[in-house]
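Open your viewer, switch to a cartoon view, and keep the selection box handy. We will go from stop to stop, and at each one you will get something to select and a note on what is there.

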Amino acid sequence: MDERSSLDLIEFWNYRAIGWDILPLPARLAPEMVDYCEMFLKQAYQAFPPPSNAFHSGSFLCAKSQSRDEMQAFAVKLKRPNDHPLTLDDRVPRIWEEWGRSEDHAEPQTVEHATKSINAHVLGNGLHISGELHEFASQERFSAQTIACANVIESVSDETPIIPRQKNVAASLTHDFGDGDKTWISREGIVIFAGQFGGDAHIRLPNGFNIFTAVAESVGRKLVLSSAGKTCEQVIAALGGVDRLAVVARSEHVLKLMDNLAREGVEIEEGDEEEQPRKRLFKSYALIGKVLEAVKRANPGPLESWQGNLNALVRFNVLKIGMALRCAKCGNMSWFSLKSIRDKMRCPRCMARFKFPANSPPDKESWAYKVVGPFAVGNFAQGSYCVASSLHFLKKNICRKSTWLPSFEMVAPDKTKFEADFVTGDN
Ligand SMILES: [Zn+2]
């Protein structure tokens, strides 16, 4: 390195700060520092215990201002602790690049001191958070009164949002509530200031919708969630996250069953046009036998696996248990929830009241399931299972952390718009 170059010095400090065992070697003084270099190589050399023949050894890293050839000419003349060649590196680690840091093993070291709980609450679409002073700042009467230290919001409700760090995205996400110059986005999260007087922040809740709305606003567009997008959000929320999608999307058998149940009362014409088309009425419920068949086909493994899947479908309110009973007045079969089963019931078809068939109570085969909530939306919950499965795949296999948003439209000021099935951002 050139000891007079501020960039070389700053980079050297950064390598030390990330925890590397590194020593400076000023190029101009190098010829006088041969002993120092040889001692460094000797101390860094460490053979792994046998039977391994590998070893740990010192290497040379060329500062950006210096010539690799000159460094090599100097280094090859040094006495080495073994016969293996020296490692020379002229490519400095990319501390300044998010992905480069991990590629080049230059992740920063985080020093932690204490953890504190603070007050935070969600107000509609906003997040109100009280800043917390570090103890050195709270005890120091000369510290700045409003901006004494930085607080970083790393995650909200256990989810770490991925927020694009462009300046105007941060501006849109955090500036709306008037604290414009006091919040910004860093690698660690959303940064707010805290001081003895002042430190409360009001920002938009950093969820997928608000983050991508901020991205849209930063390029002068408006983001609107489509009705399919809202259904997909509800499906994912009902399951408690995309990680649990396998409860419904484990196989086509369960998905097809659910979709048939979601087409309540729809008549579909079958057969070719010349013959008399047959009409098929989809029932809004499935008898227990049919549900068990679909769930067992989706889980061909041991007994526990299909039972676990059925339990999950009931627990997450995808399927609701009830009973299929025939109306004594009109003769139609209808589904009745557990709550509605009583001595006298009202038939949803003919609206007449009929008595529970107490003289010939229904057998086990008459128990029936219905799909409820967002799962009762037709066309595979408006494509939600496909979108949510894609998000799950990306989260599991490609992005470690991500922020996502299902089906939406972006509208430009001149009213031109584009539509996307989903968007996901990763770090
Ligand atoms: Zn009836």
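**Stop 1: a covered strand and its neighbours**

Select residues 402-411, which form strand β20. This strand is mostly covered, with seven of its ten residues buried. Keep in mind as you look around that this is a predicted model.

Now add residues 222-225, strand β11. How many bridges join β11 to β20? There are four, and the two strands run antiparallel. To see one pairing up close, show L223 of this neighbour together with M410 in β20, which stands opposite.

Next, bring in residues 417-426, strand β21. Here the pairing with β20 is again described as antiparallel, and it extends over nine bridges. A good pair to display is L405 and V423, since V423 in β21 is the bridge partner of L405. Then follow the chain around the turn: β20 and β21 form a hairpin with five residues between the strands. Click on K415 in this hairpin, where phi is positive, near 75 degrees.

**Stop 2: an open sheet**

As a reminder before the next selection, strands of a sheet pair through backbone hydrogen bonds, either parallel or antiparallel.

Select β7, β9 and β8 together, and you have an open sheet of three strands in the order β7-β9-β8, with antiparallel pairing. Which strands are at the edges? They are β7 (149-153) and β8 (183-185), each of which pairs on one side only. Turn the view to look across the strands: the twist averages 30 degrees from one strand to the next.

For a closer look, keep β7 and add residues 190-194, strand β9. Five bridges link β7 and β9 in the antiparallel sense. Show side chains for I153 and I190 to find one of these partnerships, with I190 lying in β9.

**Stop 3: two helices that cross**

Select residues 288-298 for helix α11 and residues 303-315 for helix α12. Their axes come within 9 Å and cross at roughly 120 degrees. The two helices are therefore oblique to each other, and α11 passes α12 in a right-handed crossing. To see who makes the contact, show V295, K296 and A298 on α11, then W306, N309 and L310 on α12. Color these contact residues by type and you should find four nonpolar, one polar and one charged.

**Stop 4: backbone details**

From α12, move along to N317, in the loop between α12 and β15 (319-326). Phi of N317 is near 55 degrees, a positive value in a residue other than glycine. Is N317 buried or partly exposed? It is partly exposed, because 14 other C-beta atoms lie within 10 Å, and a residue needs 20 or more to count as buried.

Compare that with A381, in helix α13 (residues 378-397). A381 is not a glycine either, yet its phi is positive, about 50 degrees. With 26 other C-beta atoms within 10 Å, A381 is buried.

For the last selection, pick P50 and P51 and zoom in on the peptide bond between them. This bond is cis, with omega near 10 degrees. P51 lies in the loop between β1 (46-47) and β2 (55-56), so-labelled strands you can show on either side to get your bearings.

Conventions: Residues are numbered from 1 along each chain as its sequence is written. This is a predicted model: local features need pLDDT of at least 70, side-chain atom pairs count only at pLDDT 80 or more; totals for chains, interfaces and linings use all residues. Axes are lines fitted to C-alpha atoms, for helices over the stretch in contact, and angles run from 0 to 180 degrees between N-to-C directions. Angles under 35 degrees count as roughly parallel, over 145 as roughly antiparallel, 65 to 115 as roughly perpendicular and the rest as oblique. A crossing is left-handed if the near helix is turned anticlockwise from the far one by less than a right angle, and right-handed if clockwise. Two residues are in contact if their C-beta atoms, placed from the backbone, lie within 7 Å. Ala, Val, Leu, Ile, Met, Phe, Trp, Tyr, Cys and Pro count as nonpolar, Asp, Glu, Lys and Arg as charged, and the others, Gly among them, as polar. A residue is buried if 20 or more other C-beta atoms lie within 10 Å of its own, exposed if 12 or fewer, and partly exposed in between; C-beta atoms are placed from the backbone. Two strands pair if DSSP finds at least two bridges between them.
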